[in-house]
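Before turning to the details, please take a moment to look over the sequence and the model together. The paragraphs that follow lead from the single chain to the pair of chains, and from there to the DNA.

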There are 2 protein chains.
Amino acid sequence: MPAHAKRNGTQQEARALTEKPASRPRRGRPPRLSRDQIVATAYEIVRDEGAETLTMRRLAQALGSTAMAVYHHVRDKDELLMLILEHVAKDLPRPPLPEDPRQRLTTVCHLMFDAFGDNPWVVPVLARGNVVGVSALWMTEEILGALVDCGLTHEEAFWAHQTIWYYTAGQVLCMTQEPGGEGTAEDTGRAPAHQVEPHDGKAPHYPEAAVAKAAGADFPHLVRLAADSRDIEARYSYGRGLRHILEGALPSV
Amino acid sequence: MPAHAKRNGTQQEARALTEKPASRPRRGRPPRLSRDQIVATAYEIVRDEGAETLTMRRLAQALGSTAMAVYHHVRDKDELLMLILEHVAKDLPRPPLPEDPRQRLTTVCHLMFDAFGDNPWVVPVLARGNVVGVSALWMTEEILGALVDCGLTHEEAFWAHQTIWYYTAGQVLCMTQEPGGEGTAEDTGRAPAHQVEPHDGKAPHYPEAAVAKAAGADFPHLVRLAADSRDIEARYSYGRGLRHILEGALPSV
DNA sequence: ACCTGAACACCGTTCAAGT
DNA sequence: ACCTGAACACCGTTCAAGT
């Protein structure tokens, strides 16, 4: 008994019936799925529901097709992820950049950070390193160029770029921690067990949790920090860390 | 923290069947598995074969038991990971630290980075944020303390710590990219398809791959970098990025 | 109390077959 | 050429039962 025998009858047909130019006579069955359609739908899933909910079966269902039909257009899930990556990189805004190299630097870095903030799932994909988002390469080029224009050698520019990249990637990855599912306002009823009880409505904050755990030990700075770590963290930003890096990496004005 | 909140409400006492006379009379079957044993074995798997090979079934097999036996000692896989984390944090070296706060800072940061280098799998676990390795908390404390001793306010110290942490986490996460399986010297026979051909024996390097992909575009700095990016990268290090951050974050001497 | 085996609801992917 | 369904080799976890 196939569990999914019932189809969602009227789904999205007529969507990709763009004109066939009639030039090339195709043989065989006309395609009902296209790479672009697959990537667009996969992107919507990833954007709306997070990268971890993207499975081949889930995608197929959204396409009104089967998991294996997707494999006819895409080699495997890795390639699919790479295609989604390209899809978002392509549409990234590329505003005019300031002349001053130092301002250009911080502008591009913030563009990069914001792009990741909108698509945090790309960072783990990028960090795996076997993938290059061609359409976002201009950012790397601009950063390197601006660093050189600030007076660094090419070697120093690469090093500074590495540091900036690690910092950016690390921050995006660490910000993508909370699942934030549907249980926001409603208690799920699960016992907290060894987990620290949330201070109020929010999830346990790192310094608070740390201090609570290290009850016995003598960690004055941690304790002091835990007191108002939320406020202090609210005043931290990507720009602050970036300023530190640039002030240390660039020749002083 | 309740942790053992579900105490024995059914305190039936003093029935004597198979007396374990001497000390505490245990009832029921004597345990053949212990939490410590489970954690130690799990750590060995993770250390020797990588975090992604750790599955409950694999662990049970290494223990000569079944997957479900493990669940009697450990709530779920998340708790298991946290226990392994504690296990390695506990054995971290804690050498005497230099008096000078600035030297202390770089020393502790390098200790942290090296610890992660030996156990890169912990960074994704830590980045999920719902876990605190109590036994490694002294590093956070030392970093905060040293930053304050360098003249920062507590707020500034926290910010600098955030930047250092993001940088460190990012670098460890990005270094953990290559699977490095068994196909090192032998061609697997798979077609490279759209993937860039390795330059020599090694995996395609980021700038090389990037330039190869962006064939048409005009990216002079990237091209220039690709020429000898391997050598330049070899001269980059954690210390270099850290120095930039600290020079920008600390008051100038 | 501690452990077992079967089973559930998934996953990515291969394969042989249908149109 | 394009799509389908069944099947393989996995996952984490629940459940009822054994000792």
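Two residues are said to be in contact when heavy atoms of theirs lie within 4.5 Å, and it is through contacts of this kind that the meeting of the two protein chains is described below. The model shown here is a predicted one, and every value quoted for it is computed.

Chain A is a helical chain, with 12 helices and 0 strands, and its elements accordingly read, from the N terminus on, as α-α-α-α-α-α-α-α-α-α-α-α. Of its 253 residues, 43% count as buried. If one considers the contacts in chain A with a separation of 6 or more, 68% of them are made by residues 24 or more positions apart.

How are the two protein chains related to each other? Chain B can be laid on chain A by a turn of 180° with a shift of 0.0 Å along the axis, and the fit has an RMSD of 0.1 Å. This is the relation of a two-fold axis. The contact between the chains draws 62 residues from chain B and 59 residues from chain A, and because 95% of the interface residues of chain B are also interface residues in chain A, the copies meet through the same surface.

The size of an interface is often expressed as the accessible area that is lost when the parts come together. Here the area buried between chain B and chain A is about 6000 Å², and carbon and sulfur atoms give 68% of it. On the side of chain B, Trp159(B), Tyr166(B) and His221(B) supply 12% of the area that this chain buries against chain A, which is more than any other three residues supply.

Helix H9 of chain A, residues 206–213, offers a view of how the two chains pack together. Its buried residues are Pro207(A), Glu208(A), Ala209(A) and Ala210(A), and their cover includes helices H10 (220–227) and H11 (229–234) of chain A, together with helices H7 (137–149) and H8 (154–175) of chain B.

Both chains also take part in surrounding the DNA. Around DNA strand D there are 24 residues, the closest being Arg32(A), His73(A), Arg57(B), Met68(B) and Tyr71(B), and by class this surface has 8 nonpolar, 6 polar and 10 charged residues. Of the atoms of strand D within 4 Å of the protein, 58% belong to sugar or phosphate, while the rest belong to bases. Phosphate oxygens of strand D lie 3.0 Å from a polar side-chain atom of Ser65(A), 3.1 Å from a polar backbone atom of Met56(B), and 2.9 Å from an N or O atom in the side chain of Lys77(B). The elements that give two or more residues to this surface are helix H3 (67–70) of chain A and helix H2 (56–63) of chain B.

DNA strand C is surrounded by 23 residues, of which the closest are Arg57(A), Met68(A), Tyr71(A), Arg32(B) and His73(B), and sugar and phosphate account for 57% of the atoms of this strand that come within 4 Å of the protein. A polar side-chain atom of Thr55(A) lies 3.2 Å from a phosphate oxygen of strand C, whereas for Lys77(A) and for Ser65(B) the corresponding distance is 2.9 Å. Helix H2 (56–63) of chain A and helix H3 (67–70) of chain B each supply at least two residues of the surface near strand C, and the residues of that surface divide into 8 nonpolar, 6 polar and 9 charged.

Notes
Residues are numbered from 1 along each chain as its sequence is written. Chains are lettered from A and ligands numbered from 1 in the order in which they are written. This is a predicted model: local features need pLDDT of at least 70, side-chain atom pairs count only at pLDDT 80 or more; totals for chains, interfaces and linings use all residues. Side-chain values use heavy atoms; hydrogens and water are left out. Buried means under 20% relative accessible area, exposed over 50%, partly exposed in between (1.4 Å probe, protein chains only). Helices (H or I, at least four residues) and strands (E, at least two) are DSSP runs, numbered from the N terminus. A residue is near a molecule or strand if one of its heavy atoms lies within 4 Å of it. A polar contact is a pair of N or O atoms within 3.5 Å; within protein, one must be able to donate a hydrogen and the other to accept it, and residues adjacent in sequence count only if both atoms are side-chain atoms. Ala, Val, Leu, Ile, Met, Phe, Trp, Tyr, Cys and Pro count as nonpolar, Asp, Glu, Lys and Arg as charged, and the others, Gly among them, as polar. Copies are superposed by least squares on the C-alpha atoms of residues with pLDDT of at least 70 in both. Buried area is the accessible area (1.4 Å probe) that two parts lose on being put together, summed over both.
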